Amino acid sequence: MDGRRKSDRSVVPRKPPNKPEGPGEEVVEGRGRAKGNLHGQNASRTQRWVPTNAHSALARIREAARRDGKQQFTALLHHVSNPKHLYDVYHELRRDAAPGVDGETWQHYGKDLARNLVDLSERLKRGAYHAKPVRRSYRPKADGRLRPLGVPTLEDKLVQRATAAVLNAIYETDFLDFSYGFRPGRCQHDALDALATGLQRRKVNWVLDADIRGFFDQLSHEWLVQFVEHRIADRRVVRLIQKWLNAGVLENGERTWSEVGTVQGGSISPILANLYLHYVFDLWVRQWRQRATTGDMIVVRYADDFIVGFEQQNDAERFLHDLRERLGKFGLELHPEKTRLVPFGRKTAAEWARGTGPKPGTFDFLGFTHCCGKSPKGKFFVQRRTMHKRMQAKLAEIKAELRERMHHAVPEQGAYLRAVVSGYFRYFGVPANQQALGVFRLAVIRLWQRTLRRRSQKSRCNQQRMWRLTTRWIPAVRVCHPWPMVRFGV
């Protein structure tokens with residue numbers, strides 16, 4: 001950020017006052033600064049290494065970005081390369097994460113952490129830091145395909161995460177409200193509840209269920225750098241991003257490069273994806289809604305998946321045509337099999353009941369199938385059910401894991417299943433989805449019973465014993481989320 005700053009030689013924060021009411025760093029962060037010291041670094045000269053965070057510096061960046069939406073930040077690298085910031089980021093990383101191509105682990109890097117971080121900081125400042133290629137790995141998707149992921153090295157993770165924190169401080173003030181993916185303080189259920197509330201409260205009769213084909217593989221490096229430079233005028237930070245984009249992928253001992261795409265798995269990929277779609281999709285959609293619609297319209301986007309609702313069918317068809325042209329200008333295209341217009345909404349359901357309109361369709365979003373439902377009192381509401389593919393994929397995963405744990409102690413198996421089922425309920429436990437949760441729970445019980453019976457030809461796993469084990473280890477069906485109106489109906 002523009003302005004004067006103190007030296008980065010110090011790696012510890014300003015000492016908080018004695019006997020603070022809360023944590024020391026929060027007291028320092030909340031304390032107002034003198035008028036002439038708005039750009040001062042909050043660092044001290046104490047003689048020991050004190051873990052701290054860079055929230056105060058990031059808060060100043062965020063405030064400057066909020067004050068002026070067109071301001072360009074010319075001095076940001078010192079926030080990224082600050083050793084105390086890297087120290088905080090190091091302790092935010094997963095300790096059991098897979099190592100990158102250099103084999104460096106969290107534990108080994110931490111044996112001489114202070115020296116390693118100071119060395120990394122100096123290399124960043126003088127431009128001697130070089131991004132290493134990411135190691136390719138694959139994760140199964142719900143539809144049976146494999147999702148390619150990249151595993152960066154530990155130092156790349158550190159620098160990427162530190163850079164992402166700085167970029168988030170700037171762009172969180174720019175991103176629009178209907179964007180929910182990979183943003184701090186926002187989660188998938190926020191997007192789901194916002195969508196359900198919009199479908200129920202707004203005049204929506206048609207839904208565009210859209211998906212961008214291979215978004216992370218087709219993202220243009222040239223356009224992305226141009227978008228970054230709208231706000232980031234610090235060439236050193238821009239070069240950092242270019243280094244990660246051009247680092248390449250290492251798979252089966254062979255390194256490959258590409259001029260398009262960003263590897264999923266790195267800490268910088270989510271903010272870059274949001275930044276790209278902010279300029280390509282979000283700003284354009286807002287302008288299109290203001291100028292071209294003849295009826296009501298809602299938008300909810302989570303990463304590269306988005307749902308757009310329309311009151312008028314003509315608006316929906318024109319939007320789909322214009323959207324294809326818009327994405328084509330930036331090297332993107334809609335997935336032909338996953339993009340469709342669906343009749344959906346309160347009016348559509350009423351017309352179908354009277355026999356005067358098309359049958360309401362369904363669409364999938366963030367693991368849920370959305371349907372037109374009726375409450376016990378006959379009122380319209382958006383019913384969300386667990387996607388069949390998601391449930392089957394999870395059950396297949398549990399079946400394979402139980403096969404590996406077949407001869408483990410029963411309490412160990414039960415603890416594993418309790419954790420899995422509890423996590424499943426925490427995500428899919430939305431109102432009106434209890435039936436699907438019950439089906440999943442019953443399927444897990446049957447898989448466990450089959451596994452126990454195969455442990456021995458003289459198995460005694462009868463129904464009575466299974467009931468006792470189920471009561472002890474398998475959680476009961478429960479709804480973990482409120483109705484969408486409770487969260488968004490204000």
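In the predicted model, the buried residues of helix H17 (residues 434-453) pack against strand S13 (380-386), helix H15 (388-404), helix H16 (410-428) and helix H18 (463-473). The buried set of H17 comprises Ala436, Leu437, Phe440, Arg441, Val444, Ile445, Leu447, Trp448, Gln449, Thr451 and Leu452. Over its 20 residues, H17 reaches 29 Å from its first C-alpha to its last, which is close to the 28 Å expected at 1.5 Å a residue.

Aromatic contacts were then examined, with ring centres within 6.5 Å taken as the criterion for a pair, and the count by this rule comes to 23 aromatic pairs. One of these is formed by Trp288 and Phe319, whose rings meet edge-to-face at 5.1 Å centre to centre, with 80 degrees between the planes. Because Trp288 belongs to helix H12 (residues 269-292) and Phe319 to helix H13 (residues 313-328), this pair ties together parts that are 31 residues apart in sequence. Trp288 and Phe319 are both buried. An edge-to-face arrangement is likewise found for Tyr427 and Phe428, with 4.8 Å centre to centre and 80 degrees between the planes, and both Tyr427 and Phe428 are buried. In addition, one aromatic cluster is formed by Phe215, Phe216, Trp223, Phe227, Tyr276, Tyr279 and Phe330.

Charged side chains were also found over aromatic rings. Arg186 lies over the face of Tyr180, at 4.7 Å from the ring centre, while the charged end of Arg405 is placed over the ring of Tyr416, 4.4 Å from its centre.

Technical notes:
Residues numbered from 1 in each chain as written. Predicted model: local features only at pLDDT ≥ 70, side-chain atom pairs only at ≥ 80, totals over all residues. Heavy atoms only, no water. Phe/Tyr/Trp six-rings, centres within 6.5 Å; stacked < 30°, edge-to-face > 60°. Helix = DSSP H or I, 4+ residues; strand = E, 2+ residues; numbered from the N terminus. Buried < 20%, exposed > 50% of the residue type's maximum accessible area, 1.4 Å probe, protein only. Lys NZ or Arg CZ within 6 Å of the ring centre and 35° of its normal. Expected span 1.5 Å × (residues − 1). Contact = heavy atoms within 4.5 Å.
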